[in-house]
Amino acid sequence: MDTRITSETALITPSAGILRARHGWRAKCLQRLIRMDLPVPRSFALPCETVSAIAAGRPLPVEDLRKVFDGGSGLVSVRPSAVMPEWGGPGTVLNVGINDALHAELSARMGAANADAIYLAFVQSYAINIARLDPDMFHHEGDGALSRALAAFEAEMDEPFPQDPARQLAEVLRSMARAWDGPTARLLRQAKGAPADAPLGLVIQEMALGLGPGLCGSGTIQFADPVTGTPRVTGRFRGQSHGTAVGAGAETLYLTRDERGPSLEDVSPETFADLIRFGIAARERLREEMLIEFVVTDGQVSVIDATRLARTSRAGVRIAVSLARDGVIPPEEALMRVEPRALADLLHHQVDPRAPRDLITRGINASPGAATGRIVLTAAAAQAANARGEPCILVRRETVPEDIRGMHASVAVLTERGGTTSHAAVIARGLGLPCIVGANGIRIDLRNRTLIAGGRELREGDEITIDGSSGEVLAGAAALLPPALDDNFTQLLAWADEAGGIGVRANADTPEDALVARRFEAQGIGLCRTEHMFFDGERLPAMREMIFADSPDDRRLALARILPMQREDFTRLFEIMAGLPVTIRLFDPPLHEFLPHDREGLRELAESMDMPLSDVTRRVDALSEFNPMLGMRGVRLGITMPEIYDMQARAIFEATVDASRKGDPVVPEIMIPLVSAMREVELVKTRIDAVASAVRNERRTEFTYKLGVMVETPRAALRAGDIAAHSAFLSFGTNDLTQMTYGLSRDDAGRFMGTYVSQGVYSEDPFHVLDQDGVGELLLTGAQRARRQSPHITISVCGEHGGNPESIAFCHDAGFDYVSCSPFRVPIARLAAAQSAIRGRLTGDFD
Ligand code: PEP
Ligand code: MG
């Protein structure tokens, strides 16, 4: 390959054929700035193929490189120019070309101190980064530092410091090309999403030194706040007093008028006005919020580089929306620029990225947001703290359904065990509480009321901060940013809905959840897990009575006490959802979850049931199962103890009648969990139809309802064709379906998931991101068989994957009707749905 500088290295001009794919983003960006007539110093682009050839050992024609130094300051910089800015690259090398002769000339023009500073900086950088000499030998400072550095170089290399600028440049280019090719750089860029063989271009730029009689110096300027995205001019300017160059006599100025000190705006309003003008032009033409690097020479600005402004998620939303509002980009592009997951950072408090973090330990980031509170080790302690008005964080080995009230009373949850679909994770996401699970590094000592974490001992009552977005547990109260559910957020989601795409419903169990679902504009409730309603105050005793009943009649009696409360729950949900669809799942969990596990709890239960402790213990033992997740739960319970589903169906229908009388007509959707055989559906359907007829007769009114099936077992997916014959809808419960497809307990997977993912056994946690190859195939097969039987059957996903952007894209491409996820993930899902639709239109796929 030809590496001759003249043929391969293009001078960047408005008309040169500079391509991002061939020369990298920086070269392309500089060309755009030049096309805008911004004052960019003479720049050259070395194409990626040449850089690869140099890395492979092709010689560099030193003679040709000499041309780069013609005219100008005699100094050049070399910067990396990867295809994508986030892929990074080797560090910039400045002041290439300085030698004894130029040093003497600069000393005369700008003073020895400045010339020394430039030469010394280059010798040090060349010795360490290019010649790869020991950095410890090049820490020279003070008087004579330059001569000592030059002498050290000569002693180490057995030759004087290279004086030929072209040779210096050749060595710099070779070193940067090789650095990019090295194993560390490959790993680093792969971590940033770049392919291992991603190419690198290089940009050589004549250096503007900032020399002259008037205002001189260098700085950066940005036009939006990187944390909030608010329009605001900030940056820094290191000015050179009395016409001296970068280095000596420097004075830092604020950019805008500032009471803390002098500003560029006051010192040189014309220079400041130029910078603002360039900033506006760059934003409009580069269609992005930029950070501009500049040099000022005698009041004249040179723009030496412009990069995309690094920003937080909340700033990202605000910037994308304001670019679209200003007509710089179309709304669809604004939608595509925001990472859906980033919206989670706007919904909750966040640890301020500028604040210090005292890290104690890490776990799995199970529910986003941040909160500070005092450690409590039991649900009862959480409720007590809440009653005292003290924010608290519930720290448990793992949570169990009885902890629900403790979770409600806490501002965040931390568990030692569990994965992304463990009880703590699912409930916390539903409640919008920051949560970390699987924090293997903590040990809870309930007897001493302490917590050992990261080698420290914390006591119940000590203050910690949970960062559920990053999975970090911090000591003390970290500085938090408030949620940012502002006008920009609302606008972005309004555009998302206009883009169309798969429907988004919420998983909502309580009126509070339903209110959040409405606030985030879910199109309905896709999953109401009714069992959570049974843990509340007076319901638990009735539930336990039902479990202990000896006969169906006794069971019915206990259930009759729960019926009015269930009816009330459903009426409230229907009212809040105001005619939007509500899918209610019939009772699902194994009954033992409602029973106490410890001796004290059993004793209390015996007392409240007025039974001998031995009887209670015997009954509890009888209910225990080896693997309750595969035992008597879901529809199996519904068929074995049909009174439970009868009661629930009655509560749903009575609520339907009540709510329809007061407001919009309600058509409830009833969903049967854990089905694996068509006959299960037939049996339940017959009984529910009978309850519906009874309620119609008693209430002398008509209503309709839809009966559907939750596809959570591999067999249900495979038999979806015949199951569909009896169902108005199918909803894939991908939590259980993943558990059963992998044979992997969702509550225990957290113990080894980290190792499995890091060793590449699984590319991602399959409870978090849908396993498209395995579980996905069951989804596609099930949907296809169901649609062959009933072409218009509604198909959805209501497992946790319903809130995961990649999984939503899969459901969109599969032609499903909607996804349903925790209320706080609804905005993320709405944006992900819009992005899938836009991508589909661009590629001409489905839609
Ligand atoms: C599921 O299994 O995917 C589901 C939504 O139900 P749950 O998480 O309540 O088991
Ligand atoms: Mg399930």
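1. Residue G840 is located in helix α34, which spans residues 826-843. G840 is buried, its relative accessible area being 4%. A long-range pairing can be noted here: G840 and G501 are 339 residues apart along the chain, and their C-alpha atoms are separated by 9.3 Å. The model is a predicted one, and the remarks below should be read on that basis.

2. On overall composition, the chain contains 34 helices and 31 strands. Its C-alpha atoms occupy a box of roughly 105 × 60 × 50 Å along the principal axes. Of the 847 residues, 55% are buried. Among contacts with a separation of 6 or more, 67% involve residues 24 or more positions apart. The exposed area of the chain is about 34600 Å², and 51% of that area is supplied by carbon and sulfur atoms.

3. As to charge, there are 91 positive and 112 negative side chains in the chain. The centres of these two sets lie 3 Å apart. Over the whole structure, the search finds 69 salt bridges. Three of these pairings are taken up in the points that follow, together with a network.

4. In which solvent setting does the salt bridge between R66 and E63 lie? The closest N and O atoms of R66 and E63 are 2.9 Å apart. R66 is partly exposed, at a relative accessible area of 31%, whereas E63 is exposed, at 53%. The setting is therefore one exposed partner, E63, because its 53% is over the 50% limit, and one partly exposed partner, R66, because its 31% falls between the limits of 20% and 50%.

5. Two further salt bridges have buried partners. R283 and E289 are joined through their side chains, with an N to O distance of 3.0 Å; both R283 and E289 are buried. D588 and R585 also form a side-chain salt bridge, with an N to O distance of 3.6 Å. D588 has a relative accessible area of 5% and R585 one of 4%; both count as buried because these values are under 20%. Elsewhere, R287, E288, R308, R311, E333 and R337 are linked into one network by salt bridges that share partners.

6. Which residues supply the protein donors of the magnesium ion, ligand 2? They are E712, through OE, and D736, through OD, at 1.9 to 2.0 Å from the ion. This pair connects distant parts of the chain, the two residues being 24 residues apart. E712 sits in the loop between β28 (706-711) and α28 (714-718), while D736 belongs to helix α30 (residues 734-742). E712 is buried, with a relative accessible area of 2%, and D736 is likewise buried, with a value of 2%. In assessing the coordination, the reader should bear in mind that the site may look incomplete, because water is not among the atoms.

7. Two non-glycine residues merit a check of their backbone angles. N95 has a positive phi of about 60 degrees. N95 is placed in strand β4 (residues 93-96), and its relative accessibility of 10% makes it buried. L674 also has a positive phi, of about 55 degrees, and is not a glycine. L674 lies in the loop between β27 (669-672) and α27 (678-699). With a relative accessible area of 0%, L674 is buried.

8. Where does I436 lie, and is it buried or exposed? I436 is part of strand β17 (residues 435-437). I436 is buried, because its relative accessible area of 0% is under the 20% limit. I436 and I466 are 30 residues apart in sequence, and their C-alpha atoms are 7.3 Å apart in space. Neighbours within four places in sequence being left aside, the contacts of I436 include G363, I364 and A366. Also among them are V413, L414 and T415, as well as I466, D467 and G468. G471, E472 and V473 are likewise in contact with I436.

Technical notes: Residues numbered from 1 in each chain as written. Chains lettered and ligands numbered in written order. Predicted model: local features only at pLDDT ≥ 70, side-chain atom pairs only at ≥ 80, totals over all residues. Heavy atoms only, no water. Salt bridge = Lys/Arg side-chain N within 4 Å of Asp/Glu carboxyl O. Buried < 20%, exposed > 50% of the residue type's maximum accessible area, 1.4 Å probe, protein only. Helix = DSSP H or I, 4+ residues; strand = E, 2+ residues; numbered from the N terminus. Contact = heavy atoms within 4.5 Å. Areas by Shrake-Rupley, 256 points an atom, 1.4 Å probe, with all protein chains shown as cover. Lys, Arg positive; Asp, Glu negative; His and termini not counted. Charge placed at Lys NZ, Arg CZ, Asp CG, Glu CD. Donors = N, O, S within 2.8 Å, 3.2 Å for Na, K, Ca; no water.
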